[in-house]
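Please look over the sequence and the model below before reading on, and keep both in view as you follow the text.

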Amino acid sequence: MKPENVRFGPFIRTRRKEADATLQDVTEAIGISVSMLNDIEHGRRRPFEADKIKSFCKYLELDAVDEAELYDKEARENRKVPSDLVDTFLYSEVGTLCRKAIRMTDRGEATEGDWQEFLGIIENRVQ
């Protein structure tokens, strides 16, 4: 299975096990019950919210890439804007531009190649 297709629960279970952390360790660190974490890991409950994602990532010392992936997986499963992007996406001029560009993509006026070119320009500038 492609990494981007792994759901929230299996993703956090894998990261927890890679860190050699028990369910109890993680639940004490992020403030949820063992049964809740176990249910989330097995897809029986929805992903936890942004504050718990932040605590989970901090406790397991996950990098920014894994943290962003968790926000995206949580958002996909809850069908919403990723929690770490809400303010920017909904309440800033950049968000207005993003929404316009996404709508242009939906209409077929912008392509994946356009997005890759745009991101390449920014990534080159940042480096």
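The paragraphs that follow go from the core to the helices around it, and then to a few single residues.

The model shown here is a predicted one, and a good place to begin is its interior. The largest nonpolar core has 17 residues, and those that touch the most other members are F8, I12, V26, F48, I53, F56 and L70. Five helices each give two or more residues to this core, namely α1 (8-18), α2 (23-30), α3 (34-41), α4 (50-60) and α5 (64-78). Among these elements, α4 gives the most, with 4 residues.

One of the core residues, V26, shows how parts of the chain are brought together, for once its neighbours within four places in sequence are left aside, V26 is in contact with R16, A21, L37, F56, Y59 and L60.

We can now turn to the way in which the helices pack, beginning with α1 and α5. The axes of these two helices come within 9 Å and cross at roughly 155 degrees, which means that α1 is roughly antiparallel to α5. In this pairing α1 passes α5 in a left-handed crossing, and the contact is made by F8, F11, I12 and R15 on the side of α1, and by D66, E69, L70, K73, E74 and E77 on the side of α5.

Helix α5 also packs with α4, at an angle of about 150 degrees and with the two axes 10 Å apart, and α4 and α5 are therefore roughly antiparallel to each other. Here the crossing in which α4 passes α5 is right-handed. The residues that meet are A50, I53, K54, F56 and C57 in α4, and E67, L70, Y71 and E74 in α5.

Helix α3 deserves a look of its own. Its residues L37, D39, I40 and E41 are buried, and what covers the buried residues of this helix includes α1 and α2. Just after α3 comes G43, which takes a positive phi of about 75 degrees.

Let us return to F8, which is placed in helix α1. Is this residue buried or exposed? F8 counts as buried because its relative accessible area is 0%, and the cut-off for that word is under 20%. If we leave aside neighbours within four places in sequence, F8 is in contact with I40, P47, F48, I53, L70, K73, E74 and E77. The pair of F8 and P47 is worth finding in the model, since these residues are 39 residues apart in sequence and yet 6.5 Å apart in space, when the distance is taken from C-alpha to C-alpha.

The last residue to follow is E74, which lies in helix α5 and which has already appeared among the contacts of F8. E74 is likewise described as buried, because its relative accessible area is 0%. Which side chains are joined to that of E74 by polar contacts? A polar contact of 3.1 Å joins the side chain of E74 to that of K80, while another, of 3.4 Å, joins the side chains of E74 and S83. Beyond its neighbours within four places in sequence, E74 is in contact with F8, P47, F48, E49, I53, K80 and S83, a list that includes F8, F48 and I53, which are also among the residues that touch the most other members of the core.

Conventions. Residues numbered from 1 in each chain as written. Predicted model: local features only at pLDDT ≥ 70, side-chain atom pairs only at ≥ 80, totals over all residues. Heavy atoms only, no water. Core = buried A, V, L, I, M, F, W, Y, C linked by side-chain atoms within 4.5 Å. Buried < 20%, exposed > 50% of the residue type's maximum accessible area, 1.4 Å probe, protein only. Contact = heavy atoms within 4.5 Å. Polar contact = N/O pair within 3.5 Å; in protein donor to acceptor, adjacent residues only side chain to side chain. Axes fitted to C-alpha atoms, helices over the stretch in contact; angles between N-to-C directions. Parallel < 35°, antiparallel > 145°, perpendicular 65-115°, else oblique. Left-handed = near helix turned anticlockwise from the far one by under 90°.
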